[in-house]
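Student: I have a model open and would like to talk through its charged side chains. Could you help me reason from the values to the terms?

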Amino acid sequence: MKQMEEMILAEGQVLPGDILKVGSFLNQNIDTTLLHQTGDEIARLYEGCGVSKVLTIEASGIAIAAAAGMTMGVPVLFAKKHRTSNVDGDVYAAKVHSFTHGVDYNIVVSSDYLLPTDRVLIVDDFLANGHALRGLMDLCEQAHCEMVGVAIAIEKCFTGAGDELRAQGVRIESMAMIESMSAHEIVFRS
Ligand code: 5GP
């Protein structure tokens, strides 16, 4: 998606540790025009796929998931992050390793909200090593719902995680696909 790539080139900052800082338009201060365009593009890509629910993780996935869910006219469900493993009640839970904080945490959704009849589109802001995505896919498996596909704002292709999942048959649509990045240059997959 051209607008996402242009915004990354204009405002993204590559930090040590292969972190792309996008706080000025996506992760803290949200550019609502770009958000709207992202929601529309995700809805266009998954049109006709019978998506009944958008699933994401708090916090940074929520805005993008909400934009997509609003255009598609479906509910948006976000998994909550729990630091401890003391998760009780009727929930589905999965362990995820945090790319940005380097710790493990649990992601949890209530089993009341993720149903076996759901056709789920997973949405997140970044795809790096794929831990968050695999955790969300795990929740879908536990709920016995159908995972239709994945939409990501920014994929860091150089980790190989996205392509590995595609090779396993997972449909992943990324608005910007970064092939390589350094403090001086960001190269997108064409
Ligand atoms: P993964 O689980 O795929 O390794 O990482 C995905 C999660 O880590 C995303 O939900 C996102 O919050 C965070 N993340 C991964 N890479 C970056 C990055 O370069 N910049 C920012 N801001 N967040 C990232």
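Student: Happy to start with a pair: what makes the meeting of the Arg44 and Glu41 side chains a salt bridge?

Tutor: Keep in mind that this is a predicted model. The N to O distance between Arg44 and Glu41 is 2.9 Å, and the cut-off is 4 Å between a side-chain nitrogen of Lys or Arg and a carboxyl oxygen of Asp or Glu, so the pair qualifies. Both residues sit in helix 3 (residues 32-45), three residues apart, about one turn of the helix.

Student: Why is Glu155 called buried?

Tutor: Its relative accessibility is 1%, and buried means under 20%, so Glu155 meets the criterion. Glu155 also has a salt bridge with Arg166, with 2.7 Å between the closest N and O atoms. That pair links distant parts of the chain, with Glu155 in strand 8 (residues 146-156) and Arg166 in helix 6, 11 residues apart.

Student: And why does Arg166 count as partly exposed?

Tutor: Arg166 has 23% relative accessibility; partly exposed lies between 20% and 50%, so the term fits.

Student: Which residues are linked with Glu155 and Arg166 in a network of salt bridges?

Tutor: Asp163, Glu179 and Arg189 join them in that network.

Student: How do you know that Asp125 has no salt bridge?

Tutor: The nearest side chain of opposite charge, Lys81, is 7.8 Å away; a salt bridge needs an N and an O within 4 Å, so this pair does not qualify. Asp125 is buried, and its side chain makes a polar contact with the side chain of Ser60 at 2.9 Å.

Notes: Residues are numbered from 1 along each chain as its sequence is written. This is a predicted model: local features need pLDDT of at least 70, side-chain atom pairs count only at pLDDT 80 or more; totals for chains, interfaces and linings use all residues. Side-chain values use heavy atoms; hydrogens and water are left out. Buried means under 20% relative accessible area, exposed over 50%, partly exposed in between (1.4 Å probe, protein chains only). Lys and Arg count as positive and Asp and Glu as negative; His and the chain ends are not counted. A polar contact is a pair of N or O atoms within 3.5 Å; within protein, one must be able to donate a hydrogen and the other to accept it, and residues adjacent in sequence count only if both atoms are side-chain atoms. Helices (H or I, at least four residues) and strands (E, at least two) are DSSP runs, numbered from the N terminus.
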